[in-house]
Amino acid sequence: MILENFKRESIVPMPVTFISTISENGVRNIAPYSCIMPVLRPFDLVCVASAKRRDTLVNLKSTGEFVINMPGTDMADKVIPTALHVPPDIDEFELAGLKEKPSKKIKAPGVEGCYAWMECKLDHIIEEVYNGFPYVLILGKVVCLEVEDSVYDKESGSWDVEKAKPLMMTGSDEGMHFCTVNSIGKFELYGAMFKNGKDPLERMYKKEEGQECK
């Protein structure tokens, strides 16, 4: 079956994240984002695609900070309340009935109840127009990465997706279908991709996991 070219989310499962920011006046904002990805394995950068007319974008441009919150499936009912178009002076934590999690390295708060949090400093923004529609790519530098102990194995650096139940979404013609991921029990070393069997980035993973963000 041939689909319309824009229907990529109909066949690509996408993560659901909450990006939390705070305005220059101290108003807290939350918005759900799925067009998000890490930028290459050696880097501490993440990329978020966004429309230009978003309070999230205004806030992170003015403060240079944002938190990418990773929710589990138990927070699926918070997607629509945080996606509603409301005036910028509305506290969206209160609107969605969510509690803030104080951040360690930035002023913008995280969202309590998620399984992981990426505190980010704005690195730079790429502004483009495609077919007459303006959009931006937000590059953020992760300055503090935190995860719930119950879903992470410090010894192997692995996390338990069955415990975390990461919230994900697939699209259809009428809306969003929420889902999660499951482990299939198959494992491969990074080194398996290289002829000498050694991962050139192995040294990065030998560092002891810190208890505090530095």
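Right after α1 (55-63) comes glycine 64, with a positive phi near 75°. Helices here are DSSP runs of H or I with at least four residues, strands are E runs of at least two, and both are numbered from the N terminus. Keep in mind that this is a predicted model: local features need pLDDT of at least 70, side-chain atom pairs count only at pLDDT 80 or more, and totals for chains, interfaces and linings use all residues. Residues are numbered from 1 along each chain as its sequence is written, and side-chain values use heavy atoms, leaving out hydrogens and water.

Back to α1: Thr56, Leu57, Asn59 and Leu60 are buried there (under 20% relative accessible area, 1.4 Å probe, protein chains only). They sit on the same side of α1, because their arc around the axis is only 165°, taken from the directions from the helix axis to the C-beta atoms. Among the elements covering them are β3, β5 and β10, with contact meaning heavy atoms within 4.5 Å.

Now the small sheet. It is open, with 3 antiparallel strands in the order β1-β13-β14; two strands pair if DSSP finds at least two bridges between them.

| Strand | Residues |
|---|---|
| β1, edge strand | 14-15 |
| β13, antiparallel to β14 over 4 bridges | 168-171 |

Glycine 171 has methionine 176 of β14 as its bridge partner.

α1 and β14 also each supply at least two residues of the lining of the second largest pocket, while β3 gives the largest share, 5 residues. A pocket is an open set of 1 Å grid points, over the protein atoms alone, where a 1.4 Å probe fits, with protein on both sides within 12 Å along at least five of seven lines; lining residues have an atom within 4 Å of a point.

How values were computed
Buried < 20%, exposed > 50% of the residue type's maximum accessible area, 1.4 Å probe, protein only.
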